[in-house]
Amino acid sequence: NLKLTEGQLEDIQRNLEIPTAPTMPAYQRYGGTLYKALDVASFTEREVEVMRSKVLIQSALFGLISATDRIPWYRLSAGSKLPGLTLKEIWNLNQPLAWQRLVDFPIIDMRSKAYAELAPIPEHMESYWVDVVQLKDGKTQALNHFNKTAKGKLVGAFARANVTPVSTSQLSDLASKLDFKLEFDGNTLRLFV
């Protein structure tokens with residue numbers, strides 16, 4: 001079930017055209033709030049290389065891919081139901097090796113819970129789950145829409161940094177430059193905006 005409205009039925013035809021459809025880098029293909037906050041139009045060649053080598057994107061159709069892998073337009077999400085197939089089973093089985101691309105520094109997981117379930121990070125790898133919050137009336141509150149914007153800004157800053165962060169303290173410094181604050185609680189990284 002692709003959860004299409006009647007006005008989106010043309011998406012079925014576009015999905016059928018995937019094998020021959022034009023492609024573009026994944027970080028440019030996706031148009032959501034997080035990707036708009038990256039400001040990819042200003043990326044230099046070095047920043048594109050950081051995206052290629054250090055940033056993975058969880059695709060419902062293609063699995064865990066490099067941010068620069070070329071993909072066509074498609075309609076499928078983490079919650080899509082397909083006859084005889086379970087996305088979670090497919091990607092859980094086939095994705096562990098993809099994580100090996102990120103062995104030089106901790107994995108900062110900014111995926112939604114639904115996408116994180118498609119390809120869990122192997123337990124032996126150092127990783128942190130990002131929770132975007134704000135402090136209001138002395139209480140920590142989760143954010144919805146700005147959550148994705150903040151994550152996109154942090155990834156964009158990561159790509160633009162003169163020295164690619166290799167530690168949580170360097171990532172904390174990056175967040176400070178965006179006027180954000182990082183707070184660590186076990187394997188949860190709270191990004192205060």
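In which helix is the place of L16? Select residues 10-16 of this predicted model: they form helix α1, and L16 belongs to that helix.

**First stop: a surface patch**

Add L9 and I12 to the selection of L16; these three residues make up a nonpolar patch on the surface. Their combined accessible area is about 300 Å². L16 counts as exposed because its relative accessibility is 61%, and exposed residues are those over 50%.

**Second stop: helix α8**

Next, select α8, residues 168-177. Its buried residues are L171, S172, L174 and A175. They lie on the same side of α8, because they cover an arc of only 160° around the axis. In an α-helix there are 3.6 residues a turn, so residues three or four places apart point the same way. Now display the elements against which the buried residues of α8 pack: β5 (107-109), α7 (145-160), β8 and β9 (188-192).

**Third stop: two aspartates in loops**

Continue past α8 to D179, which is located in the loop leading to β8 (181-185). D179 has a positive phi of about 65°, although it is not a glycine. Most residues other than glycine have a negative phi. Is D179 buried or exposed? D179 is exposed, as its relative accessible area is 70%.

Finally, select D39, in the loop between α3 (33-37) and α4 (45-54). D39 is not a glycine either, yet its phi is positive, at about 60°. With a relative accessibility of 42%, D39 counts as partly exposed.

Notes. Residues are numbered from 1 along each chain as its sequence is written. This is a predicted model: local features need pLDDT of at least 70, side-chain atom pairs count only at pLDDT 80 or more; totals for chains, interfaces and linings use all residues. Side-chain values use heavy atoms; hydrogens and water are left out. Patches are made of residues with over 30% relative accessible area and no salt bridge: like charges are joined within 9 Å, nonpolar side chains (Val, Leu, Ile, Met, Phe, Trp, Tyr) within 5 Å. Accessible areas come from the Shrake-Rupley method with a 1.4 Å probe; for residues, only the protein chains shown count as cover. A salt bridge is a side-chain nitrogen of Lys or Arg within 4 Å of a carboxyl oxygen of Asp or Glu. Helices (H or I, at least four residues) and strands (E, at least two) are DSSP runs, numbered from the N terminus. Buried means under 20% relative accessible area, exposed over 50%, partly exposed in between (1.4 Å probe, protein chains only). The arc is that of the directions from the helix axis to the C-beta atoms. Contact means heavy atoms within 4.5 Å.
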